[in-house]
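Welcome to my notebook. I am opening a new structure today, and you are welcome to read along.

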Amino acid sequence: MENNNKFKSFLKGLYRPFYKYILIIFLALISKEILVFMNKNIIKELINMTSGYNANFAKEDFVASVYVYVLMICGLLALKSLSTYIMHYARVVSLYKKQKEHVVKNIFMHLTKMDYDFFLNNHSGKISASVNQIDQGISSLNDSLAKSFINHILGIITINAFLYTINVNVFLITLMASLTLITIRVWYFKKYWMIHDIRAQQHDRDYRGILNDIITNMISVKVNNSNNDYMNLVIDAKNKNLKEVTKEYKTEIGYGFYFESMLNILFIALTSWYSLELFSKNIISVGDLILIITTIVELKYSIIYLAFGYLDITRNIVRLEDAYKLLYNDKVQVDKGIKEKLEIKNNSLEFRDVDFAYDNNKVFKKFNLRIGSGENLGIIGKSGSGKTTINNLIFRFYEPSKGEILIDNKNIAEYSRDSLYENITYVPQETILLHTSIIENIRIAKRTATDEEVFEAAKKASIHDFILTLPEDYNTYVGERGIKLSGGQRQRIVLARIFLRETKIIVFDEATSALDNNTEFIIQENIHKYFKDKTVICIAHRLSTLVDMDRIIVLDNGQIIDEGKPKDIIAKYDKTTRSELSILA
Ligand SMILES: Nc1ncnc2c1ncn2[C@@H]1O[C@H](COP(=O)(O)OP(=O)(O)OP(=O)(O)O)[C@@H](O)[C@H]1O
Ligand SMILES: [Mg+2]
């Protein structure tokens, strides 16, 4: 229930700034219906007049009167077109653009605040399919609201109002029939159809997620000779979707055939028979009779389209809610840090009694570590000992279950991630680039950087000369995830970002592991040269890269088992005995 309310307010939020356009659309639709109503009356009068024509009338007068009627009909039709034009313009030109921009901006901002876990646990394809589902869902919802639903509700009201002016009993029969037909259809579809539509959507999203994942990993799939296995996976996912879509269509066609046609035919026959009775008794005119019959046939279509409109709306709302549930899931933590400005004078960093586990995998228990302002700390330890997890906690990709992480004695959990990232940055263990040019890939670290600043950073990361050898140097595209570059080149591009940003605290997680010794040495020198006064954490496997650190800690199983000056630690752990090496394995 509470979730439902949250969804409603989310939906309202997507419409709130645009009430003006919605009002214009609504007024245009009402004007159109008023014109339809007037038009029907004129046609009715015209029929009455022409049916009463006989040789006693002066022909010129008669022709002149018909002209007047036809002119009035033309005038009304022109005005009706104008109303329709205004309605469509407000909907597809004004509202469409502005609202879409608003929707995409809202969702994107929300995504940037989501926890890291969310992105780890969901296929990227599934996430983007959900964003798309909301984006498309809103425009489809607008279409079905304006074109089908409101349009036809107003149409049905106009028809009923018109019939009321002719005869109250005919009006009552039509009203009852309209309400019955609408209610049965809506009930039937909610009960038998909707469930398949929801399932079809969910399977479609899973299918897109799997497809996206496989395309991203296509090379691995091919070299592992698993084309067929993965094709089956894709086909299975698609089939689940198709199965539901087929059930959906079967239900829809079945209903149209059995119920709708039968009920409508019955209703048209009944009303026509009753109107003829009225006409025989001279209660209604010939114009009334013709208009009743044509109008109830029109009504049949209005009811069908109204029901389709209703279904479309329900379907779109269900889709929107479904995507909303994935993107705005309560289990997914959205940044709880509310303080917006993390002011740092002293660059110290401290883990105080930190407990942390990934689900059931305990990594830290009462973990303590203090890094002084401007200290350069090296961390070594075997694979899985918790080195990257230290990084994940500093960057609040995950939150400790107990204890605190403090920067300049301020608990980082209280600050928004955005404010945290103003002060800290890192080079991840696995470097993935954006599918854009090299210059844009470096500039992501500082959007305002000039080209010269970017070149300078690239020089410090020892990648500038290589970039100049590329066909379009800095404007060369790196391919999806940076695939067109070597691991070491990608790593240096990410390092260039660090030199461009120069935050107060920097973490390098195996940041030079893919580089040859010589390049690694140059970059390490630059790190010491340019980040002397910064607080630096260097996670590494190769001890030689940590010689210039102020201190090195040795991590094992989430605990600091040793620490000291580089020369001591290196002397101790760089021995070639198997048992010692296992610490660094
Ligand atoms: N996102 C995650 N979800 C669940 N468990 C994780 C996750 N990330 C890491 N782990 C687990 O937590 C433990 C510590 O992992 P961590 O990545 O910190 O190791 P590491 O010291 O950086 O290792 P490496 O040297 O291989 O990079 C490991 O047992 C790992 O399997
Ligand atoms: Mg790691």
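What is the mean pLDDT of the chain, and what share of its residues reach 70 or more? This is a predicted model, so I looked up confidence before anything else. I found a mean pLDDT of 86 for the chain, with 95% of its residues at 70 or more. I then checked residues 576-583, where the pLDDT is below 50. Beyond near neighbours in sequence, that stretch has 9 contacts in the model. I made myself a reminder: where pLDDT is low, the predicted coordinates should not be read in detail.

**Entry: the sheet**

I traced an open sheet of 4 strands, in the order β2-β1-β4-β5, and the pairing is antiparallel. Why is one side of β2 and of β5 left without a neighbour in the sheet? I see that β2 (361-371) and β5 (410-411) stand at the edges and each has a single partner strand, so one side of each stays free of a neighbour there. Next I followed β4 (residues 402-407), which runs antiparallel to β5 and is joined to it by 2 bridges. Here I noted Leu406 opposite Asn411 in β5. I also found helix α11 (residues 387-394) packing on the sheet, where it touches β1 (349-358), β2 and β4. The direction of α11 makes about 110° with that of β1.

**Entry: ligand 1**

Which residues come nearest to ligand 1? Of the 13 residues around ligand 1, I listed Tyr358, Ser383, Lys387, Thr388 and Thr389 as the nearest. I saw that β2 and α11 are the elements giving two or more residues to this shell. Helix α11 gives the most, with 3 residues. By type, I wrote down 3 nonpolar, 9 polar and 1 charged for the shell around ligand 1.

Definitions and conventions:
Residues numbered from 1 in each chain as written. Chains lettered and ligands numbered in written order. Predicted model: local features only at pLDDT ≥ 70, side-chain atom pairs only at ≥ 80, totals over all residues. Pairing = 2+ DSSP bridges. Contact = placed C-beta atoms within 7 Å. Axes fitted to C-alpha atoms, helices over the stretch in contact; angles between N-to-C directions. pLDDT = per-residue confidence, 0-100. Near = placed C-beta within 6 Å. Nonpolar A, V, L, I, M, F, W, Y, C, P; charged D, E, K, R; others polar.
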